[in-house]
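Q: Please take a close look at one part for me, the aromatic side chains. I'd like to follow the account on screen, step by step.

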Amino acid sequence: MKEAQLHRQLRNFTGVVVKAAMQKTIVVKVTRRLWHPKYLRQYSVSRKYLVHDEKGQHKVGDIVRFVATRPLSKQKRWRVVTTEGAQQ
């Protein structure tokens with residue numbers, strides 16, 4: 001049980017809200033920078049997550065931190081923890 005809790009704590013991300021048109025759901029884009037093993041250059045990889053926003057207070061451009069939770073719908077397995085401000 002303790003190992004499962006540790007794994008759940010490690011699954012948290014920070015990203016930018018790109019869509020907030022749904023009720024209690026926002027779409028957050030997380031961008032990671034990786035090194036290419038052969039060409040030794042950085043490249044970016046992006047992924048979008050459906051995140052539960054209970055109060056519906058987040059808007060497009062906000063930077064939010066979210067964590068894993070139990071499945072809330074077919075694709076929604078994340079919930080917002082904090083807002084870290086607006087994107088510049």
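A: Here is a walk through the aromatic rings, followed by the strands that carry them.

This is a predicted model, in which local features need pLDDT of at least 70 and side-chain atom pairs count only at pLDDT 80 or more, while totals for chains, interfaces and linings use all residues. Residues are numbered from 1 along each chain as its sequence is written, and side-chain values use heavy atoms, with hydrogens and water left out.

Searching the whole structure gives 6 aromatic pairs. Rings of Phe, Tyr and Trp (its six-membered ring) pair if their centres lie within 6.5 Å; planes under 30 degrees apart count as stacked, over 60 as edge-to-face and the rest as tilted. One of the pairs is Phe13 with Trp78, an edge-to-face contact at 5.5 Å between centres and 65 degrees between planes. Phe13 sits in strand β1 (residues 12-22) and Trp78 in strand β5, 65 residues apart, so this pair links distant parts of the chain. Strands here are DSSP runs of E, at least two residues long, numbered from the N terminus.

How exposed are the two partners? Phe13 is partly exposed at 27% relative accessible area, whereas Trp78 is buried at 8%. Buried means under 20%, exposed over 50% and partly exposed in between, using a 1.4 Å probe and protein chains only.

Trp78 has another partner: its ring centre lies 5.2 Å from that of Tyr49, and because the planes meet at 75 degrees this pair is edge-to-face too. Tyr49 belongs to strand β3 and Trp78 to β5, so the contact ties together parts 29 residues apart in sequence. Tyr49 is buried, as is Trp78. Ring pairs join Phe13, Tyr49, Phe66 and Trp78 into a cluster.

Now for the strands around these rings. A closed barrel of 5 strands follows the order β1-β2-β3-β5-β4, with mixed pairing; two strands pair if DSSP finds at least two bridges between them. β3 (residues 42-52) and β5 (residues 78-86) run parallel and are joined by 2 bridges, and the β5 bridge partner of His52 is Arg79. On the other hand, β4 (residues 62-68) and β5 are antiparallel, with 6 bridges; there, Arg65 stands opposite Thr82. β2 (residues 25-35) is antiparallel to β3 across 11 bridges, with Ile26 facing Val51 in β3.

Key. Helix = DSSP H or I, 4+ residues; strand = E, 2+ residues; numbered from the N terminus.
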